[in-house]
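Biologist: I have a structure open here and would like to go through it with you. Could we begin with how its parts meet?

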Amino acid sequence: MQLLASYLSGSWSPGSGPRTTLVNPATEAPLAEVSNGGHDLQAAFTYARTVGAKELATLTFAQRGALLAALAKAIHGAREELISLAVANGGNTRGDAKFDVDGGSATLSYYAELGARLGATRLLADGEPIQVGRTARMGGQHVWGPRRGVAVHINAFNFPGWGLCEKLACSLLAGMPTITKPATATGLVAHRMVELFAPLLPPGALQLLVGPAGSLLDHLHRGDAVAFTGGSATAAMLRSHAKIIEHAVRLNIEADSLNAAILGPDVELTSETGSLFLADVVRDMTQKTGQKCTAIRRVLVPAEREADVLEALRERLGGIAVGDPSREDVRMGPVATAQQKKDVLAGIARLAEATEAVFGGTGEVKPVGVPDGKGFFVGPVVRKAKDAMACAPLNDHEVFGPVTTVAPYSGEASYAADFVARGDGCLVSSAYSDERDWVATFVGAAAPWAGRLYLGSSKMAAMSPGPGTALPSLLHGGPGRAGGGEELGGERGMYFYMQRTALEGDASVLKSLLGSAS
Ligand code: NAP
């Protein structure tokens, strides 16, 4: 069986010691192994700080953008192989796998274009020049330049490809050498991507640690930056990590999120906006088997439409085949790990104590094309809550699987916004309405609680990717429970890896600094 190697200090090394086996979550067949340690991580950090940082510092934004374009091209070249790995190791259908792999290359391409636009310079202007002296001769200018340190990326199991690429696009374009660590259980896609990327990048620009983090964080120092995506318990541990505190290491957290979808009181289910709402809810429940941080977990509908919404969900979900994701007729695969299945079933059981069953009971399913008793399968589950605000299991716990709960409301926009807030901070929530006043009231009150608000309407329905798709041009991250982090959002995604410096001096010198490549 393949023993995956880490790429550290310029060479591939499998490490040593006890091993963890990566399996196919549909069949439980072993796919590869990783060792749980034995790497010289201090040497990897030193290599990044010395070799990687220097190499990247010589490059302009345009040159770093060209590197990102080469990485995107490498993914395109190995697309089918990467999709097959995602199907085998992630329990992804082909559609799910494309979402991860193509999402990764599209994000790299987006930042490659941004690099080209920023051009042959190494400093970014932050705002306009400011007159700070008595006359215009003395000026001020804020600029962004790369931080001198190492970017450490820790990713969740659900998007091994996209997660790697979206973080790497920002840190590399900003000019920071990066050590990336995918989640162990689904690490095959990220491992293969780094095999493809390594020959295309300057030495030390990108290193990979597969398997558990071990002492990774113990080597952090001043100037480093950690970008984490995962569960809130791990996030809490990172926040209190001694080295992160001691060296004031920058930490970006993307964690749990109880995303809501609200149907406006003006929307008929048969309208374009109503169809968009239903399609988004069903897509978010079933795409990646509901293992998307942006997936809709809580649904609020006008009381008079509740019965119709539940009936429509029953009908649509009833047609979805669950089983071996490598089969063409299967629309939803297993969850990624045995632990994940246990957690999802426990979450459904908690919900069941406070809600009524609508579809899928408590998640039992007979998957197609899978040997009896094998695989980490959970069927799609819809529950119904009587009182949206009072239902604690709905509002306090993210069930990271194909599960959603519907609750009725009066149609008031301010109540809808309060419901978004009840999740204590989310990555994204969506509202579906063609009533502009209703939308304005909703946005005004809900915005402090969401990193992104998706406003579904008849005008955009035909071209919408749905709220579950994180776009490189828009911020990804959210307040409160969602971790308080920010990623992507165009140029904004690079700021985490850059130092903002206020320059003060001869205004013509300041102007020339921004225009030059030095
Ligand atoms: P997790 O258990 O927190 O793991 C996330 C990552 O942290 C993995 O790479 C894991 O490595 C690593 N890790 C675990 N312990 C660590 C430690 N002591 N030091 C350093 N790294 C450590 O989360 P998960 O189960 O992979 O992901 C599911 C969760 O992620 C869900 O709750 C979901 O909401 C959240 N999520 C959020 C977003 C977002 O953008 N906000 C996106 C996706 C997922 P190992 O795999 O080796 O343990």
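Modeller: This is a predicted model. Domain 1 and domain 2 bury about 2400 Å² between them, and 64% of that area is on carbon and sulfur atoms.

Biologist: Which residues of domain 1 lose the most area to domain 2?

Modeller: They are Ala-26, Phe-99 and Phe-157, which together account for 22% of what the domain 1 side buries.

Biologist: How many salt bridges are there between the two domains?

Modeller: The count between domain 1 and domain 2 is zero. Polar contacts are found, however: nine residue pairs across the interface meet the rule, both residues at pLDDT 80 or more.

Biologist: And which elements give two or more residues to the domain 1 side?

Modeller: Those are helix α3 (79–90), helix α4 (94–118) and strand β21 (487–488). The largest share comes from α4, with seven residues.

Biologist: How do the residues on that side divide into nonpolar, polar and charged?

Modeller: On the side of domain 1 that touches domain 2, 12 are nonpolar, 10 are polar and eight are charged.

Biologist: Let me step back. Where do the domains run in the sequence?

Modeller: Domain 1 takes in 2–255 and 486–515, while domain 2 covers 260–475. The contact draws 30 residues from domain 1 and 34 residues from domain 2.

Biologist: How far apart are their centres?

Modeller: The C-alpha centres of domain 1 and domain 2 are 30 Å apart.

Biologist: New topic: salt bridges. How many in the whole structure?

Modeller: The search finds 20. One of them joins Arg-79 and Asp-102, whose closest N and O atoms are 2.7 Å apart. Arg-79 belongs to helix α3 and Asp-102 to helix α4, so the pair links distant parts of the chain, 23 residues apart.

Biologist: What about the protein as a whole: how many helices and strands?

Modeller: There are 16 helices and 22 strands. The radius of gyration is 24 Å, close to the 24 Å that the globule rule gives for 518 residues, so the protein is as compact as a globular protein of that length.

Biologist: And what does the C-alpha trace span along its principal axes?

Modeller: The C-alpha trace spans about 70 × 65 × 40 Å.

Technical notes:
Residues numbered from 1 in each chain as written. Predicted model: local features only at pLDDT ≥ 70, side-chain atom pairs only at ≥ 80, totals over all residues. Heavy atoms only, no water. Domains from an automatic or database assignment. Contact = heavy atoms within 4.5 Å. Buried area = accessible area lost by both parts, 1.4 Å probe. Salt bridge = Lys/Arg side-chain N within 4 Å of Asp/Glu carboxyl O. Polar contact = N/O pair within 3.5 Å; in protein donor to acceptor, adjacent residues only side chain to side chain. Helix = DSSP H or I, 4+ residues; strand = E, 2+ residues; numbered from the N terminus. Nonpolar A, V, L, I, M, F, W, Y, C, P; charged D, E, K, R; others polar. Rg over C-alpha atoms; globule rule 2.2 N^0.38 Å.
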